[in-house]
Amino acid sequence: MMRSLFAGVSGLQNHQTRMDVIGNNIANINTTGFKRGRVNFQDIYYQQLQGAARPTETIGGVNPKEVGLGMSIASIDTLHIQGSLQVTGNQTDLAITGNGFFVLDDAGTQLFTRAGAFSLDADGIMVNPANGMKVMGWMATEIGGRSILDVSRPIEQLEIPIGGKDAAAATTMVQFACNLDKRIPLLPENPTGDQIIDSTWSTTIKIYDSFGEQHDMQVEFTRVADTANSWNATVTVNPQSDVPTNTSIGFGEEAPAAGGPQTFIVNFSNNGTLLSAEDGAGNVSGASGQVTMNIAFDVPNATPNEDGTPLRQEFVLNLGQVGGLSNSITQYAQQSSSKAVGQDGRTMGYLENFKIDSSGVITGVYSNGTTRTIGQVAMASFPNQGGLEKVGDNAFRVSNNSGIANIGPSGVAGKGKIMAGTLEMSNVDMADQFVDMIVTQRGFQANSKTIQTADQLLQELLTLKR
């Protein structure tokens, strides 16, 4: 009879534990990135009143007679089910769709979380603003003027230097893709008496010196007399300036010297596509398939060289591919255009904004119009994410049964994708929890009735002597 009392007590205690878990789930129904818990019960030891007997030739088998001694908690599981996503528009809010965790550094201790409500601190470090834990990833390194991400390196804190400078860069290449009108007459006057069309066409593009100062590079094209498919091209940097820049051109590897030629000839095929370029000395560009030449000019307001000569800047003028169309200069019977595809120089800029893509790559946007890779947010996955230990602050840590963290970029080795401007909500289902609460309450009441009934039986037993 005492067994029923203790069985009822075990039922009360463990249903209370289940109610504690339900209460915690409901308390965190609006907690970002929270993963609900679930209690599983199991029966415990049995007292065997009679063992089983096997069948014989004369009598059948007998089943064992056992009396249970109550129940216990089999497990309290953390259900890592995807929560709903809430769009916030805040660029530092991150959510994970799929498996994986963000990696946090808590004063040297590595923790993991699904709650991506991050921000920047006073030093530009990406942190969890609630507790100061630092978000971990990889910072880009500068190699040959390019930002390179090496995700094989150990993870580190992520720093986004808002207001940081992007250095000015001198122009090293200018790409042309204009069209020269084939209909422009060869002679400066039209013998038919019709309207005279100007035989010269010029186009201008902005270039930059090493200080980031802007200059105008003008290329003026004029039809070559007595030829059908050739044009003289004259290059001038800052043509309107009172101080000459001594612009000069050159073919080959040597830098064009001051006082050298400014004019070269552009030749086209009968198909209207680029054929070659040549200077007055007979040097030709185009044999390798690319028509290029070197341009040099004196940089204004720069410290002279040691020999007293002005500082000169050199860059490559690329007219395009021989026989090319889209990114090459052409000669068709269409209106002349001033299209210059681009140049690679820039002025100094400040980091004004940044964005985070689905791979966790952080790209900085600068005031000079350039973008640069700053870093990448790291993610971690586990062989058994249900084995992680909760440590509060929406964080988990590795346990003996979770396995070792596999840290890498998102979308690799089963890791999910990152969504910026979004937060993952709690995966607690209110209706499910209320139903579970009712079931737990009924279980608790039933176990309390077991104790009351056993107590009444004991009372009856004690009154037998009266």
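Here are some questions and answers about strands, a helix and aromatic rings in this predicted model.

Q: Why is the ring pair of Phe101 and Phe396 called edge-to-face?

A: Let's set the values against the rule. Ring centres must lie within 6.5 Å to pair, and planes over 60 degrees apart count as edge-to-face. Phe101 and Phe396 are 5.7 Å centre to centre, with 65° between the planes, so by the rule the name edge-to-face fits.

Q: What makes this a link between distant parts of the chain?

A: Phe101 lies in strand S7 and Phe396 in strand S32, 295 residues apart.

Q: How do you know that Phe112 and Phe382 form an edge-to-face pair too?

A: The same test works here. The centre-to-centre value is 4.9 Å and the planes stand at 85°; the limits are 6.5 Å for the centres and over 60 degrees for the planes, so the pair qualifies. Phe112 belongs to strand S8, while Phe382 sits in the loop between strand S30 and strand S31, 270 residues away. Both Phe112 and Phe382 are buried, and ring pairs link them with Phe101 and Phe396 into a cluster.

Q: Why do S22 and S23 count as paired strands?

A: At least two bridges are needed. S22 and S23 have 2 bridges, so they pair, and they do so in the antiparallel sense. Across this pairing, Ala277 stands opposite Ser285 in S23. The hairpin of S22 and S23 has 5 residues between the strands, and there Gly282 takes a positive phi near 90°.

Q: How do you know that S21 and S22 pair?

A: They are joined by 4 bridges, and since at least two are required, S21 and S22 pair. Ile265 stands opposite Glu278 in S22.

Q: What makes S17 and S23 edge strands?

A: The open sheet has 6 strands in the order S17-S18-S19-S21-S22-S23. S17 and S23 each have a single partner strand, so one side of each is left without a neighbour in the sheet.

Q: How do you know that the span of helix H2 agrees with its number of residues?

A: At 1.5 Å a residue, the 33 residues of H2 should span 48 Å, and the end C-alpha atoms are 48 Å apart, which agrees.

Q: Why is the contact between Asp429 and Ala431 called polar?

A: A polar contact needs N or O atoms within 3.5 Å. A side-chain oxygen of Asp429 reaches to within 3.0 Å of the backbone nitrogen of Ala431 at the start of H2, so the contact passes.

Conventions. Residues are numbered from 1 along each chain as its sequence is written. This is a predicted model: local features need pLDDT of at least 70, side-chain atom pairs count only at pLDDT 80 or more; totals for chains, interfaces and linings use all residues. Side-chain values use heavy atoms; hydrogens and water are left out. The expected span of a helix is 1.5 Å times one less than its number of residues. A polar contact is a pair of N or O atoms within 3.5 Å; within protein, one must be able to donate a hydrogen and the other to accept it, and residues adjacent in sequence count only if both atoms are side-chain atoms. Rings of Phe, Tyr and Trp (its six-membered ring) pair if their centres lie within 6.5 Å; planes under 30 degrees apart count as stacked, over 60 as edge-to-face and the rest as tilted. Buried means under 20% relative accessible area, exposed over 50%, partly exposed in between (1.4 Å probe, protein chains only).
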